[in-house]
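These are my notes on the model, set out as numbered points for you to check against the coordinates. Please read them with the structure open.

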Amino acid sequence: MLEPISISLQALNLPSLLPVGILIVGAIFIIVLDLVTKSGSKSFYTMLSILFILLDLGVVIGYYGEARGMFDLVLVDGIAKISQIIVLVTSAFFLLLAMSQRRFQEFSMAEFYALFLFMIAGFQFMTISDNLILIFVGLETASLSLYTMIAMHNRKKAFEAAIKYFTMGALAAGFYTMGSLLFYALTGSIEIHEIANRVILNDNLSVVALIAATIFMIGALGFKISIVPFHTWTPDIYEGSSAALAGYMSIVPKIAGFVVAMRLFEALLNLNVLWIENMFYILVIATMTVGNITALVQEDVKRMLAYSSIAHAGFVLSAILIGTSEANSGLFLYWILFMFTNLGAFTVLWMTRHKKNLWDERYQHPFVKFKGLAKINPFMATMMAFFMFSLAGVPPLSVFWGKLYLISAAVNAGFIYLAIFMALNSAIAVYYYMKLVIFMFLMEPASEEKAIFTTNATPVLKVVLAVAVAFTIFASLFIDKILAFIIYHVTMSGF
Amino acid sequence: MIGLAHYLVLSGILFSIGLFGVMKRKNLLMLFFSTEILLNAVNIGFVAVGRFYGDMSGQIFAFFIIAVAASEVAVGLGLIVLWYKRTGSIDLDSLQMMKG
Amino acid sequence: MDYILSLVVFFPIVAGSFAFLVDAKSVRVFGIAVAIIEFFLSIVLWLGFDYGIDGMQMVEHFSLISQFGMSYYLAVDGISLFLVILSTFMTMVALFALSIEKDIKNLIIAVLFLETTMVGVFLSLDIILFYLFWEASLVPMLYIIGAWGSERRIYAAIKFFLYTFAGSVLMLVGILYMGHLYYETTGIWSFAITDWYQMVLPFNLQLWLFGAFFLAFAIKVPMFPFHTWLPYAHGQAPTIGSVLLAAVMLKMGTYGFVRFSLPLFPDASIYFMIPIAIIATVMVIYAAMVAYAQEDMKQVIAYSSISHMGVIILGTFAMNTEGISGSIFMMISHGIVSGALFMLVGVIYERRHTKMMREFGGLASVMPSFATIYAIMLMGSVGLPLTIGFIGEFLSLMGFYRIDWIITMIAGTGIILGAVYMLSLYKRSFFGPLVNDENKKLKDLNFKEYSALIPLVFLVILLGIYPKPVLDPISSSVKNMIRIMDKKVINKESKEILYKANSIGGGR
């Protein structure tokens with residue numbers, strides 16, 4: 001019957017799993033520590049988690065072994081490396097936001113940090129595999145932790161957000177598995193590169209089934225990276241969760257989603273099935289445009305940023321449509337630049353967090369709150385203005401370079417109309433970002449009370465803000481280096 | 001003779017039922033059941049296709065889906081309990097603080 | 001002296017950042033000191049300028065983003081030299097006359113930031129760098145209009161920002177496409193304009209790219225159908241905002257035409273020569289007529305700006321040395337004259353808090369020096385011989401006369417119309433009986449205003465009588481540019497038109 005098989009440890013390539021292992025061990029360690037001693041404080045757990053993350057980051061950067069490991073389940077190629085670095089750096093920065101002035105229930109519980117580490121491990125699994133099972137497991141690990149962390153904010157709105165997110169996530173999981181099933185039924189494989197190969201080899205493949213599979217996959221990943229029409233949950237979830245977590249959600253789940261989308265859809269787009277390409281074209285433009293237009297009418301800054309992050313996701317998604325290695329490098333460049341700017345913007349919101357909703361019954365951060373901020377707290381207003389102009393793509397601030405590079409990639413690949421759409425969309429976007437700047441700088445303040453804007457500020461948060469603003473302003477000085485790093489890794493892994 | 005096609009059709013029908021439930025059901029608990037149906041519909045398909053190709057990965061995938069579905073239920077029910085404690089209702093329409 | 005250009009560009013922004021630390025009482029003096037130093041730096045630049053070279057000089061070039069071919073590339077030639085000096089000079093003078101007290105610190109900082117971006121636009125030869133300064137210049141101007149303007153300032157500021165931003169995003173696509181084409185043909189990424197000058201493009205591509213660039217420049221100028229933001233912005237902006245907007249920021253658009261559109265797309269420029277000339281003529285006449293109908297003194301000057309910009313466009317698209325040199329000279333003269341006029345309106349607005357002409361009348365008897373300076377500036381604006389305005393207008397029209405004498409004649413009548421509305425403005429405000437009681441105790445100019453206006457008067461007359469030191473370097477650089485165009489032109493008809501435009505005895 002079953003014959004004993006011997007596999008050498010060498011072939012398993014365990015170091016390829018070491019980064020994720022560190023986080024899982026770290027998370028378990030935190031849970032055990034909480035069982036043994038009750039004396040762990042917020043700052044202790046934050047620092048401990050950041051230590052684990054940094055350790056992980058070191059291992060990721062230092063890994064130069066074989067790309068394949070664990071029976072070919074794990075694939076640590078260039079884009080996996082870059083995206084892991086983005087995930088880890090972002091996580092470390094956003095975790096620092098836990099060190100706020102006011103007490104929040106979730107940050108005093110050890111479980112929060114354990115879940116945070118599990119979630120990062122999940123995202124890492126998504127990026128380091130092209131096996132649909134492993135991606136699914138990573139996706140669910142991350143999402144389940146995230147739902148719980150949102151609910152731990154312990155406000156009615158947070159519960160509502162968590163349940164909405166959960167429902168959407170469960171539906172997305174259904175779509176994902178259905179898509180995988182269709183691919184499996186079509187090709188007999190659940191490895192992305194194998195799927196692509198077999199589709200090419202097999203001539204009498206049902207195109208309808210292929211398109212159906214693609215649609216399910218777009219639905220599943222679309223929920224994660226909030227592509228129109230699967231974006232409707234985004235603003236509600238952002239509104240319900242704390243600013244720190246909302247900012248985190250605008251970056252990390254999406255980059256993990258982008259990597260999966262890049263692996264999967266670029267393989268599909270290479271098949272030159274007309275329908276798939278057209279569908280993607282429409283999705284990209286719809287995501288950009290709908291995100292931007294809806295953002296125009298928002299009254300709350302956090303919701304505005306939610307819609308703006310949809311628009312940015314659409315912008316970046318065009319890289320996958322274009323599919324050249326220049327565009328793929330542009331995706332990562334854009335997301336790194338966007339990350340620091342969004343980190344800054346959400347940190348400002350987080351700092352101004354107040355116990356009561358002083359300005360609006362429903363919203364915590366309505367536009368009117370920031371009226372005349374330049375007179376009350378000019379420093380904060382100036383920084384926020386930098387972030388807004390950066391998101392709008394005003395040169396020489398950071399996100400402008402990402403836009404420039406991506407539009408240029410579109411032009412170079414012959415997607416002139418797409419490039420024009422991207423440019424026009426950034427022109428629309430200017431309006432709502434500018435709206436906040438106008439509220440801050442050109443209107444008279446409602447009250448002179450300076451303290452209400454810094455109720456949640458601590459030196460740690462200020463340092464995070466300083467890093468973000470420095471990166472936003474001086475991005476042009478080191479883009480050269482970042483881009484060289486990205487291009488090297490992206491071309492190395494064949495994208 | 002029952003072939004692969006029958007299993008796939010069954011899987012498809014179950015999936016449609018699940019999808020319909022997710023769209024139409026107003027009760028949160030029912031909604032979660034529907035998502036379970038979704039996942040289990042896919043399980044049937046995976047096992048059948050795996051058997052058809054004589055390949056293990058379909059069945060492995062099904063096992064993983066079962067595991068994930070179980071943990072999803074754990075988290076989901078936790079959330080419903082929390083919500084019920086807060087509002088005394090598990091109706092979908094009670095989730096409408098945030099709109100627009 | 002190797003890095004004089006970087007110094008001129010970045011001195012104001014660095015000094016402006018220091019202004020955060022200066023306390024509010026002395027920040028005005030600090031701002032003026034910085035502006036004076038900056039002006040002297042630009043004079044040093046002029047002194048170091050080698051008249052013998054007609055191409056680019058004082059080049060500073062190093063790579064910034066190598067994968068992308070973007071570099072830090074600054075250089076100056078006769079075309080940009082005087083626009084830089086104009087920017088630094090007008091900023092200095094505008095700060096002399098500054099009388100705003102509210103949030104003075106933020107205003108000074110914004111003005112100094114704006115100065116950096118304005119100088120940067122004129123000096124950068126890498127087009128991405130140019131775009132960077134071009135867009136960045138909107139932000140301080142948005143703040144100046146929005147924070148210190150009159151009642152509807154916010155709307156005006158948004159309108160200004162959105163119009164110009166939306167116009168320039170298409171230019172960005174055009175720029176990137178040009179970069180792509182350059183890469184396709186040479187295998188190197190470069191956004192240096194001097195590299196692009198070497199590239200000959202097929203005609204239909206030229207048309208599209210010309211269009212993409214045209215929109216951005218035309219909105220900035222502003223050309224006829226896109227001009228609606230300008231009167232609004234002027235109407236709401238504070239004096240210093242109007243001065244810098246009219247004197248320098250509008251010139252970015254016309255400078256863009258001269259520096260980019262003409263030499264990069266010579267065939268397309270020649271192809272569109274007549275349509276653009278017609279638009280420019282419509283602009284001259286239409287704006288003059290609208291100006292005549294205005295009640296608000298500032299609006300009259302705002303529309304007269306549009307009218308004069310029309311003449312500048314006409315000169316630019318004459319495609320010959322006279323026309324282009326004339327239009328560049330007129331950019332400078334219009335900068336000085338319109339800046340001065342806005343300042344003068346600011347003077348009376350500050351005293352009476354109204355700009356409506358019917359409120360005035362007989363001002364000449366209470367404010368004689370004010371009236372005299374106003375008169376001189378009006379002469380300059382109308383283009384009376386021996387004032388600065390005459391030379392630019394005359395050369396521009398003379399340049400276009402070789403292309404088409406009918407359009408030139410029609411545009412010439414626009415200048416006569418200009419005399420009509422300006423003189424009627426003067427008559428209604430300064431002559432006649434002093435009816436309004438409030439006007440009777442108006443004070444004449446004070447020291448601050450003298451210090452700003454006297455240098456302007458001096459320049460208007462001096463350059464009107466002896467324009468040679470300014471005109472010579474301009475026309476030698478323009479000749480160089482036309483040689484580049486001549487080399488690049490591919491269509492036979494365009495070649496003939498270019499030849500005809502540049503030969504004596506052309507015309508019909």
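How many of the 495 residues of chain A count as buried?

1. Provenance and numbering. This is a predicted model, in which local features need pLDDT of at least 70 and side-chain atom pairs count only at pLDDT 80 or more, while totals for chains, interfaces and linings use all residues. Residues are numbered from 1 along each chain as its sequence is written, with chains lettered from A and ligands numbered from 1 in the order in which they are written.

2. Chain A as a whole. To take up the opening question, 63% of the 495 residues of chain A count as buried, where buried means that 20 or more other C-beta atoms lie within 10 Å of the residue's own, exposed means 12 or fewer, partly exposed lies in between, and the C-beta atoms are placed from the backbone. Chain A has 20 helices and two strands, these being DSSP runs numbered from the N terminus (helices H or I, at least four residues; strands E, at least two). Its C-alpha atoms fill a box of roughly 80 × 60 × 40 Å along the principal axes. The radius of gyration of chain A is 22 Å, which agrees with the value near 23 Å for a compact globule of 495 residues; this quantity is taken over C-alpha atoms, and the globule rule is 2.2 Å times the number of residues to the power 0.38. Of the contacts in chain A between residues at least 6 apart in sequence, 81% join residues at least 24 apart, a contact requiring that the two C-beta atoms, placed from the backbone, lie within 7 Å.

3. Chain C as a whole. In chain C there are 22 helices and two strands, and 59% of its 508 residues count as buried. The C-alpha trace of chain C spans about 70 × 55 × 40 Å along its principal axes, and its radius of gyration of 22 Å agrees with the figure near 23 Å for a compact globule with 508 residues. Among contacts in chain C between residues at least 6 apart in sequence, 81% join residues at least 24 apart.

4. Helix α2(A). The 19 residues of helix α2 (residues 18–36) of chain A should span 27 Å at 1.5 Å a residue, and the end C-alpha atoms are 26 Å apart, which agrees; the expected span is 1.5 Å times one less than the number of residues. Its buried residues are A:P19, A:V20, A:I22, A:L23, A:G26, A:A27 and A:I30. Seen down the axis of α2(A), these fall within an arc of 160°, so they line one face of the helix, the arc being that of the directions from the helix axis to the C-beta atoms. The face turned away from that buried side carries the exposed residues A:V32, A:L35 and A:V36, whereas the buried residues pack against α3 (42–62), α4 (78–96) and α5 (110–127) of chain A.

5. Helix α3(A). For the 21 residues of α3(A), 1.5 Å a residue gives an expected span of 30 Å, and the end C-alpha atoms are 30 Å apart, which agrees. Buried here are A:Y45, A:T46, A:S49, A:F52, A:I53, A:D56 and A:V60. They cover an arc of only 130° around the axis, which puts them on the same side of α3(A). What covers these buried residues includes α2, α4 and α5 of chain A, while A:S43, A:L51 and A:G62 are exposed on the face turned away from the buried side.

6. Interface of chains A and B. Two pairs of chains touch, and the most contacts are between chains A and B, where 32 residues of chain A are in contact with 32 residues of chain B. On the chain A side, α6 (132–151), α7 and α10 (233–240) give two or more residues, and the largest share, 19 residues, comes from α7(A). By class, this side has 18 nonpolar, seven polar and seven charged residues, with Ala, Val, Leu, Ile, Met, Phe, Trp, Tyr, Cys and Pro counted as nonpolar, Asp, Glu, Lys and Arg as charged, and the others, Gly among them, as polar.

7. Interface of chains A and C. Here 26 residues of chain A are in contact with 28 residues of chain C. The largest share of the chain A side, twelve residues, comes from α19(A), and by class this side has 22 nonpolar, three polar and one charged residues. No contact joins chain B and chain C, whose closest C-alpha atoms lie 26 Å apart.
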